[in-house]
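The exercises below are to be worked with the sequence and the model side by side. Try each task before reading its solution.

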Amino acid sequence: MTRRFLFVLGSARLDGNTELLARRAAEQLPPDVEQEWIRLADHPLPDFLDIRHDGIVGAVQPTENDTVRKLLDATLAATDIVIASPVYWYSLSGLTKRYLDYWSDWLRVPGADFKATMAGRTLWGVSALADDQPVVADPVTGTLNNSAAYLKMRFGGVLLGNGSAPGDVLKDTEALTRAKTFFTQEAPPARFPFEDPAA
């Protein structure tokens with residue numbers, strides 16, 4: 001299958017530091033790799049409602065909504081999904097979290113085979129944080145790693161950059177250097193922290 005990258009932009013800011021860093025990394029992809037970029041702020045998802053236990057067997061939220069269907073189809077079509085979310089209050093942005101919440105529903109969409117389709121594909125993260133201590137972004141990394149582990153995906157890690165004001169990340173030379181090879185690394189199968197990596 002030809003590699004196809006889906007970049008899911010979760011910032012509330014246009015051309016924010018996270019997007020700038022993601023685009024620098026994407027510039028290094030071979031020209032035959034397809035790229036699709038979706039800015040979640042331009043495609044707002046409805047509130048997520050968890051109806052798994054409402055007494056209706058197989059109940060799922062409607063996918064007739066154009067935004068829901070667009071994101072579901074784009075996600076299923078991608079071999080590599082890049083979650084590009086700035087660190088907001090030490091975790092993912094609300095826009096990004098809502099997109100991931102919908103994954104719960106897509107697990108049960110008839111014909112989507114979401115879990116089986118996602119297995120073996122690769123999840124990546126790109127994030128900018130306004131702190132010089134990368135450890136404060138651990139909740140972002142943990143969320144993405146565990147989501148990938150649940151779906152038996154590969155996880156390429158999170159490319160972190162430093163930036164608060166617009167364009168700040170372009171001064172982070174270490175992050176820009178890492179961006180040049182970020183997508184060339186081998187992404188191992190994701191594992192939950194409690195799993196034995198040798199197993």
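**Exercise 1. Compare the span of H2 with the expected span, then describe how H2 is packed and capped.**

Solution. H2 has 12 residues, and from its first C-alpha to its last it reaches 16 Å, close to the 16 Å expected at 1.5 Å a residue. The expected span of a helix is 1.5 Å times one less than its number of residues. Helices (H or I, at least four residues) and strands (E, at least two) are DSSP runs, numbered from the N terminus.

The model is predicted: local features need pLDDT of at least 70, side-chain atom pairs count only at pLDDT 80 or more, and totals for chains, interfaces and linings use all residues. Residues are numbered from 1 along each chain as its sequence is written, and side-chain values use heavy atoms, with hydrogens and water left out.

Next, list the buried positions. Buried means under 20% relative accessible area, exposed over 50%, and partly exposed in between (1.4 Å probe, protein chains only). In H2 the buried residues are Thr67, Val68, Leu71, Leu72, Ala74, Thr75 and Leu76. They pack against S1, strand S2 (34–39), S3, H3 and H4, where contact means heavy atoms within 4.5 Å.

Last, look at the N-terminal end of H2, which is capped by asparagine 65: one of its side-chain oxygens lies 2.8 Å from the backbone nitrogen of threonine 67.

**Exercise 2. Describe the largest nonpolar core and the place of tyrosine 99 in it.**

Solution. A nonpolar core is a set of buried Ala, Val, Leu, Ile, Met, Phe, Trp, Tyr and Cys residues joined through side-chain atoms within 4.5 Å. The largest one has 37 residues, and those with the most contacts inside it are Ile81, Ile83, Tyr99, Trp103, Trp106, Leu123 and Leu144. Among the elements that give two or more residues to this core are strand S1 (4–9), helix H2 (66–77), strand S3 (80–84), H3 and helix H5 (138–150). Apart from it lies another core, of 21 residues, among them Phe7, Val82, Ala84 and Val126.

Now take tyrosine 99. Leaving out residues up to four places away in sequence, tyrosine 99 touches Leu6, Val8, Leu40, Leu45, Leu71, Thr75, Ile81, Ile83 and Trp106. In soluble globular proteins, nonpolar side chains tend to be buried together.

**Exercise 3. Count the aromatic pairs and classify the pair of tyrosine 99 and tryptophan 103.**

Solution. Rings of Phe, Tyr and Trp (its six-membered ring) pair if their centres lie within 6.5 Å; planes under 30 degrees apart count as stacked, over 60 as edge-to-face and the rest as tilted. By this rule the count comes to 15 aromatic pairs. The ring centres of tyrosine 99 and tryptophan 103 are 5.8 Å apart and the planes stand at 75 degrees, so this pair is edge-to-face. Tyrosine 99 and tryptophan 103 are four residues apart in helix H3 (residues 94–106), so about one helical turn separates them. Both tyrosine 99 and tryptophan 103 are buried.

As a further case, tryptophan 106 and phenylalanine 114 have ring centres 5.8 Å apart and planes at 65 degrees, so they too are edge-to-face. Tryptophan 106 is buried, at 0% relative accessible area, and phenylalanine 114 is buried at 0%.

Finally, Phe5, Phe7, Trp37, Trp124, Phe182 and Phe183 form one aromatic cluster. A charge sits over a ring if NZ of Lys or CZ of Arg is within 6 Å of the ring centre and within 35 degrees of the ring normal. Arginine 23 lies over the face of tryptophan 37, 3.9 Å from the ring centre.

**Exercise 4. Which side chains make polar contacts with glutamate 19 and glutamate 36?**

Solution. A polar contact is a pair of N or O atoms within 3.5 Å; within protein, one must be able to donate a hydrogen and the other to accept it, and residues adjacent in sequence count only if both atoms are side-chain atoms.

Glutamate 19 is found in helix H1 and is buried, with a relative accessible area of 5%. Its side chain makes a polar contact with that of arginine 23 (2.8 Å).

Glutamate 36 belongs to strand S2 and is buried at 18% relative accessible area. The side chain of glutamate 36 makes a polar contact with the side chain of arginine 4 (2.9 Å).
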